[in-house]
Amino acid sequence: MSSVRLYTEFFKGFWKDNPAFRQLLGMCPLLAVTTSVLNGISMGIAMTFVLVCTSIVVSLIRKIVPNQVRIATFTIIIATFVTIADLFLKARFPPISKALGPYIPLIVVNCIILGRQEAFAKKNPLGRSFLDALGMGFGFTLALLLLGAIRESLGSGSILDIQILGTWFEPWVIMILPAGAFITLGFLIALMNLIDERLKKAA
Amino acid sequence: MNISAHMIIVLTVVSLFSGLSLVYMNEYAEPLIKINQEKAMKEAIFKVLPDAKDVEKIEQDGRVIFKTVNEAGELVGYAFVAEGSGYQGIIKIMVGINPELEKLTGIDILESVETPGLGAKITQDDFKSQFKGISVSPGIEYIKAKKPEKPNEIQAVTGATVSSRSVVNILNTTVKEIKEIVKKIEPSGEGENE
Amino acid sequence: MNIILIFIAATIVNNIVLTYFLGICPFLGVSSKIESAIGMGLAATFVMTLAATVTWLIYHYILVRFNVPFLEYVSFILVIAALVQIVEMFIRKTSPELYRALGIYLPLITTNCAILGLTLFMVLREYNFLESVVFGFGSGVGFTLVLLIMAGIREELEFADVPEAFKGAPITLIISGLLALAFMGFSGIISTS
């Protein structure tokens, strides 16, 4: 029975509680870095890393942190892991670090991370918190990937810099502009609402 | 235990751990980051001065100028970073200039936030290669929709005149400054190369 | 001249919400009423200006001086959180009226990525002290402006016939997209030539 529960802990982040599409959290990196698939994936990995590490630490120290200073404590832990991720990218993958720019440090204020600590890690044991964080991280990465794929294919005619649409295709410049990010995300969320409605009716 | 003492202890311990791990991480990352930056800078310099093999960094009047030499140790030109505002934000350009300070050897856009598909075309080779061998005296000029005829003319990108004009203006202003500075650091160097 | 350019760029050309996607959360959540948009905007502008001022001093006089710039993120976020607390306490003590108007928006501002975002941009762009203060203030004004426009549109939207699936966030995002397009019309005015 408990294995079934653990399984849902991991997969709820993909659809039911998808942080991006369902909870509308972490919008700023979602919109900002998805001009290409590569940027989207890199951001997703960085986010997942910070989320998982923070959840592990918070879950471990959850019993000794006084309630009044929990937000401050969580924030310090998050900022520490974000700095580690940022320094690592700068040292090992400078082009990615340059492309993502200030959006890596901005993970600090990403509501998904603090949100998961408040809603989950501060009251759940290590294993569960780990799975929850991993699931949420993957769910968010999936959202980044999807948005990145749509915007890169329509905006530049390529996926991962490989040209997939022929020369006949005139790229829709708007897709890689900020406006395209807002509009694509709007339509994606509407589409998810629509699918959900259908599923509910069918059930 | 007293609650406020508890709070202070927890916060202090967490901050201490945070600080220590960051110091440790920084020890690892800092040298690598420095190497990366230098490598990126050198690559950009060699792009605009293809004959260059070695670089010497000179700082003068708040400007950084890279003096480059070829394998034989002969001066091949100077490189510098020019910066100014474009259509939407700052444009940063790496510029190479020949030893006589009369012709550009090439440019490379390091940073720009121009509109993708329009202004961003200034980062493409079609536009950039026009600056190879262009004469900078009395100044670069841009023309629209026809092929350049004079040695100091380039053709602006169609639909992105403002971005093209910005690049030209940034180059003209900075080249003037750099000329003055180079004359200062190498008062004797001028006659030798001619 | 440079100062004016930075102000214009921060308010309309490179608007913090519409080009950098910062501060989207309150933008999607709060901005359905004009009054609350004004409250939120004023509180944010105040904190943004203050945050830019204080973090600039901390970055240049503490982090750079003691050669620990890698503590930038940790210290900035703590400074912003502390700043919001102090402002809240100060306003509550000195002006209960103002507190009633702005009070509930202040805690929300700590996690507003626009504040941390602008302090990061300030460091990245190597602004000097005056430029940073103007940049902080300009970003706040830009944030308020967009929040107000959005609130106005959403008040009208209540009477519009929006398809079921598009209600709420989707239609707001699409409107933001159109606004971002409209704001692109401002680009070019900062070009100095």
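This note goes through the two chain interfaces, the sheet of chain B and the salt bridges of a model that is predicted.

1. The interface of chain A and chain C draws on 37 residues from chain A and 35 residues from chain C. Putting the two chains together buries an area of about 2900 Å², and carbon and sulfur atoms give 86% of that figure. Polar links across this boundary come to three residue pairs in polar contact, counted where both residues are at pLDDT 80 or more, while the count of salt bridges is zero.

2. On the side of chain A that touches chain C, at least two residues each come from α2 (27–32), α4 (70–92), α6 (111–119) and α8 (178–202) of chain A. The helix that gives the most to this side is α8(A), with 13 residues. Sorted by class, the chain A side of the contact is made up of 29 nonpolar, five polar and three charged residues.

3. Chain B meets chain A through 22 residues of chain B and 22 residues of chain A. The area buried between them is about 1800 Å², with 78% of it given by carbon and sulfur atoms. Here too the count of salt bridges is zero, and six residue pairs are in polar contact, again with both members at pLDDT 80 or more.

4. Two elements of chain B, namely α1 (3–48) and β5 (104–111), each supply at least two residues of the side that touches chain A, and α1(B) gives the most, with 17 residues. By class, this side of chain B holds 13 nonpolar, eight polar and one charged residues. The strand β5 of chain B thus deserves attention in two settings, since it also belongs to the sheet discussed next.

5. Chain B carries an open sheet of five strands in the order β1-β2-β3-β4-β5, with antiparallel pairing. Because β1 (54–60) and β5 of chain B stand at the edges and have a single partner strand each, one side of each is left without a neighbour in the sheet. Neighbouring strands are turned against each other by 25 degrees on average, with direction ignored.

6. The pairing of β1(B) with β2(B) is antiparallel and rests on seven bridges, one of which places B:Q60 opposite its bridge partner B:R63 in β2(B). These two strands form a hairpin with two residues between them, and in its turn B:D61 has a positive phi of about 50 degrees.

7. Strand β2 (residues 63–69) and strand β3 (residues 75–85) of chain B also run antiparallel, joined by five bridges. Among the partners are B:K67 with B:Y78 and B:T68 with B:G77. Five residues lie between the strands of this hairpin, where B:G73 takes a positive phi near 85 degrees.

8. Helix α3 (residues 161–185) of chain B lies across β1, β2, β3, β4 (90–97) and β5 of chain B, and the helix runs at about 135 degrees to β3(B). The elements that α3 of chain B lies across therefore include both edge strands, β1 and β5 of chain B.

9. Over all chains, a search of the whole structure finds nine salt bridges. One pair whose side chains meet in this way is A:R116 and A:D132, at 3.0 Å from N to O. The pair links distant parts of the chain, with A:R116 in helix α6 of chain A and A:D132 in helix α7 (residues 126–156) of chain A, 16 residues apart. Helix α6 of chain A is also one of the elements that supply residues to the side touching chain C.

Notes. Residues numbered from 1 in each chain as written. Chains lettered and ligands numbered in written order. Predicted model: local features only at pLDDT ≥ 70, side-chain atom pairs only at ≥ 80, totals over all residues. Heavy atoms only, no water. Contact = heavy atoms within 4.5 Å. Buried area = accessible area lost by both parts, 1.4 Å probe. Salt bridge = Lys/Arg side-chain N within 4 Å of Asp/Glu carboxyl O. Polar contact = N/O pair within 3.5 Å; in protein donor to acceptor, adjacent residues only side chain to side chain. Helix = DSSP H or I, 4+ residues; strand = E, 2+ residues; numbered from the N terminus. Nonpolar A, V, L, I, M, F, W, Y, C, P; charged D, E, K, R; others polar. Pairing = 2+ DSSP bridges. Axes fitted to C-alpha atoms, helices over the stretch in contact; angles between N-to-C directions.
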